[in-house]
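Ready for some practice at reading a structure? Have a look at the picture and the sequence, then work through the exercises below.

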Amino acid sequence: MNKTIIEDELQLTLDSVLTHFQRSSPGYSISSLGNGLINHTYLVKAGNKPFVLQRINEHVFRQPWLVTRNADLINQHLIMKKQLGNYPLATISQLTNTKDDTLLQLDSGYWRAIEFIPCSYSVDAVTTPQQAESVANAFAEFNAALSDFPAQTLSEIIPDFHHLAHRLQQLTEAINTDKVKRKSRCQPLIDYCFEQQIFIKEVADLINTLPVKVTHNDTKINNLLFSSNTHQAIAVIDLDTCMPGFLMHDFGDMVRTCCSNLPEDSGALDQMTIRLDIFSSLAKGYISTLDKHISEIEKGSLLVGALLIPFMMAVRFLTDYLDGDNYFHIKHQEHNLERAKNQMQLFKLLSQQREQLDDIIANI
Ligand code: GN1
Ligand code: MG
């Protein structure tokens, strides 16, 4: 996990936020945590009970109270499954503040505190097929445990989050507006996106045939905690985008973040390769753990999901670049364009190796 020193001004804000949480005690320390692109996340060490503090990004999550409410509902369901012996992973609760709520609204924003699991760590890149299998097992356990979750009780936090036609519509609007005059800098990438009509049509047809499940929708590798003792995945974190969706989305984001040999913002595109052994372990782990919770048609959709999520992320990063970087945190001016190019290259490589990947899934 990424930890950095907190600046003075931020420290004052955090100090005032912490007075609203019973867990805080004199002499705590705070450091930045994780590599999320949306929220601001901190680790608070207070006495022997560390916890996670997070400022929810209101620009992205327009109704933050729905984010914490959804997370509470899902977590309660997972706790119930665990008590019945049907969920082997750890559950992670949001902590109540002094107003007995899991969301805190202050002038500085919307804040929440979340349990911290001791002796755990997160990773940003998979290193072995065994680790990949553990990743897939964990997210499959999560999907399976939510298979009987009453989806109608959840709010759709970001409508059409993984709806490709909607994301392409947003891209078209960003191109037409060309708000910050960047269009000419990315014309080849824009053209490539819209040349993928066969794939776009394939996705549009497929989604009419798939059952809607409650999915995580952000199954990147660093949204899991691993045990420092066993090095197995022990908890799924970041429930912000749990919403109705398709299993292929959750499988697709795993492939996106585990199978490339490069991080999502690397510019070394000519060095990008698909790690087939990792793909194979993800597919095996995911399908075998889901077992009766995945149908034949859903199995057949997994590879489309693996192509779809990198393609959609390329579209989303490119849209944000054209919009002037309002959505994803960036570290430099061209960051979103680099991410978009990287994700499109991943889509291209996965498309080129589609037959081979298909065979791997068919042989499980
Ligand atoms: C965002 O902030 P983080 O890392 O949890 C994004 C995901 C993307 C991801 C790309 C709400 O997730 O959809 O896949 O960045 N979350 C939202 O790294 O848009
Ligand atoms: Mg997230």
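**Exercise 1: Around the ligand**

Task: Find out how many residues surround ligand 1 and which are the closest.

Solution: Keep in mind that this is a predicted model. Start by counting: ligand 1 is surrounded by 15 residues, and the closest are Leu 37, Lys 220, Glu 264, Arg 316 and Tyr 327. Next, sort the shell by type, which gives 7 nonpolar, 2 polar and 6 charged residues. Then check where the shell comes from: domain 1 (8-116) and domain 2 (129-362) each supply at least three residues.

**Exercise 2: Polar partners**

Task: Work out how far the polar side-chain atoms of Arg 316, Glu 264 and Arg 256 are from an oxygen atom of ligand 1.

Solution: Take them one by one. For Arg 316 the distance is 2.7 Å. For Glu 264, an N or O atom of the side chain sits 2.8 Å away, and for Arg 256 the value is 3.4 Å. Now look at the cover: on its own, ligand 1 has 440 Å² of accessible area, and the protein covers 95% of that.

**Exercise 3: Two loop residues**

Task: Decide whether Asp 100 is buried or exposed, and do the same kind of check for His 231.

Solution: First, place them. Asp 100 is in the loop between β4 (94-95) and β5 (104-106), while His 231 is in the loop between β9 (224-227) and β10 (233-236). Exposed means over 50%, so Asp 100, at 63% relative accessibility, is exposed. His 231, at 44%, is partly exposed. Finally, check phi: most residues other than glycine have a negative value. Asp 100 has a positive phi near 60°, and His 231 has a positive one of about 65°.

Definitions and conventions: Residues numbered from 1 in each chain as written. Chains lettered and ligands numbered in written order. Predicted model: local features only at pLDDT ≥ 70, side-chain atom pairs only at ≥ 80, totals over all residues. Heavy atoms only, no water. Near = heavy atom within 4 Å. Polar contact = N/O pair within 3.5 Å; in protein donor to acceptor, adjacent residues only side chain to side chain. Areas by Shrake-Rupley, 256 points an atom, 1.4 Å probe, with all protein chains shown as cover. Nonpolar A, V, L, I, M, F, W, Y, C, P; charged D, E, K, R; others polar. Domains from an automatic or database assignment. Helix = DSSP H or I, 4+ residues; strand = E, 2+ residues; numbered from the N terminus. Buried < 20%, exposed > 50% of the residue type's maximum accessible area, 1.4 Å probe, protein only.
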